[in-house]
Amino acid sequence: RRRRQQQEERFLHGPWTTQRALERYKSLAEAFDNAKFTAEDPVTFVAIPWPVLHKPTHFTVEDVDWSSVEGFFHAVRSHMRTADYKIFVEKSHRRFHPDRWRARRVLQSIEDDELRACLEVAANTVAQAITPLWREAKSQ
């Protein structure tokens, strides 16, 4: 938990750019993918690698919408090679797939029903927004 907090604090200061948003996403994604969420150590909003360009200090669950997710992937595409982008989208698609979240018991780690519901809606929105991007990347 402390490591996650330290990672997040790294991105709270300084100018916010597409490159920093990408670095933040990748950093949080690695920690998120390896985390074991439990009732004692539940997932938190800031621990989830939301694929958006918003600066972390000015960002809430309501900001996770289809256009923000699309905007993120379109913006970061120019920061990586085509083959790397394809892998990046595929991993992101897998990361947010609802079946994967269920298998990992991500949402079940949250006691607060309202927070759980909000995060579920946001995660499903991300999964749905990534799917057409994933199909497009896969076909190239």
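This report describes the fold, surface, aromatic pairs and selected residues of a predicted model.

## Overall fold

The chain contains 6 helices and 0 strands. Read from the N terminus, the order of its elements is α-α-α-α-α-α. Among these elements are helix H2, which covers residues 18-34, helix H3, which covers residues 66-77, and helix H4, which covers residues 82-95. Helix H5 spans 98-104 and helix H6 spans 113-139, with a loop between them.

For a chain of 140 residues, a compact globule would be expected to have a radius of gyration near 14 Å; the value for this chain is 14 Å, so the two agree. Along the principal axes, the C-alpha atoms occupy a box of roughly 40 × 35 × 25 Å. Among contacts in the chain with a separation of 6 or more, 65% are between residues 24 or more positions apart.

## Burial, surface and charge

Of the 140 residues, 42% count as buried. The exposed area of the chain is about 8,000 Å², and carbon and sulfur atoms supply 51% of that area.

The charged side chains comprise 23 positive and 20 negative groups. The centres of these two sets are 8 Å apart.

## Aromatic pairs

The structure holds 11 aromatic pairs. In one of them, the ring centres of Tyr25 and Phe88 are 5.4 Å apart and the ring planes meet at 70°; planes over 60 degrees apart count as edge-to-face, so this pair has that geometry. Because Tyr25 belongs to helix H2 and Phe88 to helix H4, the pair ties together parts of the chain that are 63 residues apart in sequence. Tyr25 and Phe88 are both buried.

Ring pairs also join a cluster made up of Phe32, Phe37, Phe45, Trp50, Phe59, Phe96 and Trp101. One of these residues, Phe37, is also in contact with Ser109.

## Buried residues in helices H2 and H3

Phe73 is located in helix H3. Its relative accessibility is 0%, and Phe73 therefore counts as buried, the limit for that class being under 20%. Apart from neighbours within four places in sequence, Phe73 has contacts with Pro51, Tyr85, Phe88, Val89, Ser92, Ile130 and Leu133. Phe88 in this list is the partner of Tyr25 in the edge-to-face pair. Ile130 lies 57 residues from Phe73 along the chain, and their C-alpha atoms are separated by 8.5 Å.

Ala29 is situated in helix H2. With a relative accessible area of 4%, Ala29 is buried. When residues up to four places away in sequence are not counted, Ala29 touches Pro49 and Arg95. The C-alpha atoms of Ala29 and Ile87 are 14 Å apart in space, with their positions 58 residues apart in sequence.

## The loop between H5 and H6

Ser109 lies in the loop between helix H5 and helix H6. Ser109 is buried, its relative accessible area being 3%. Beyond its neighbours within four places in sequence, Ser109 is in contact with Phe37, Thr38, Ala39, Pro42 and Val43. Thr44 is 65 residues from Ser109 in sequence, and the C-alpha to C-alpha distance between Ser109 and Thr44 is 9.5 Å.

Arg105 is found in this loop as well. Although Arg105 is not a glycine, its phi is positive, at about 60°.

## An exposed residue in helix H6

Which helix holds Arg135? Arg135 is part of helix H6. Is Arg135 buried or exposed? At 54% relative accessibility, Arg135 counts as exposed, since the class requires a value over 50%. Arg135 and Gly71 are 64 residues apart along the chain, and their C-alpha atoms are separated by 17 Å.

Terms used:
Residues numbered from 1 in each chain as written. Predicted model: local features only at pLDDT ≥ 70, side-chain atom pairs only at ≥ 80, totals over all residues. Heavy atoms only, no water. Helix = DSSP H or I, 4+ residues; strand = E, 2+ residues; numbered from the N terminus. Rg over C-alpha atoms; globule rule 2.2 N^0.38 Å. Buried < 20%, exposed > 50% of the residue type's maximum accessible area, 1.4 Å probe, protein only. Contact = heavy atoms within 4.5 Å. Areas by Shrake-Rupley, 256 points an atom, 1.4 Å probe, with all protein chains shown as cover. Lys, Arg positive; Asp, Glu negative; His and termini not counted. Charge placed at Lys NZ, Arg CZ, Asp CG, Glu CD. Phe/Tyr/Trp six-rings, centres within 6.5 Å; stacked < 30°, edge-to-face > 60°.
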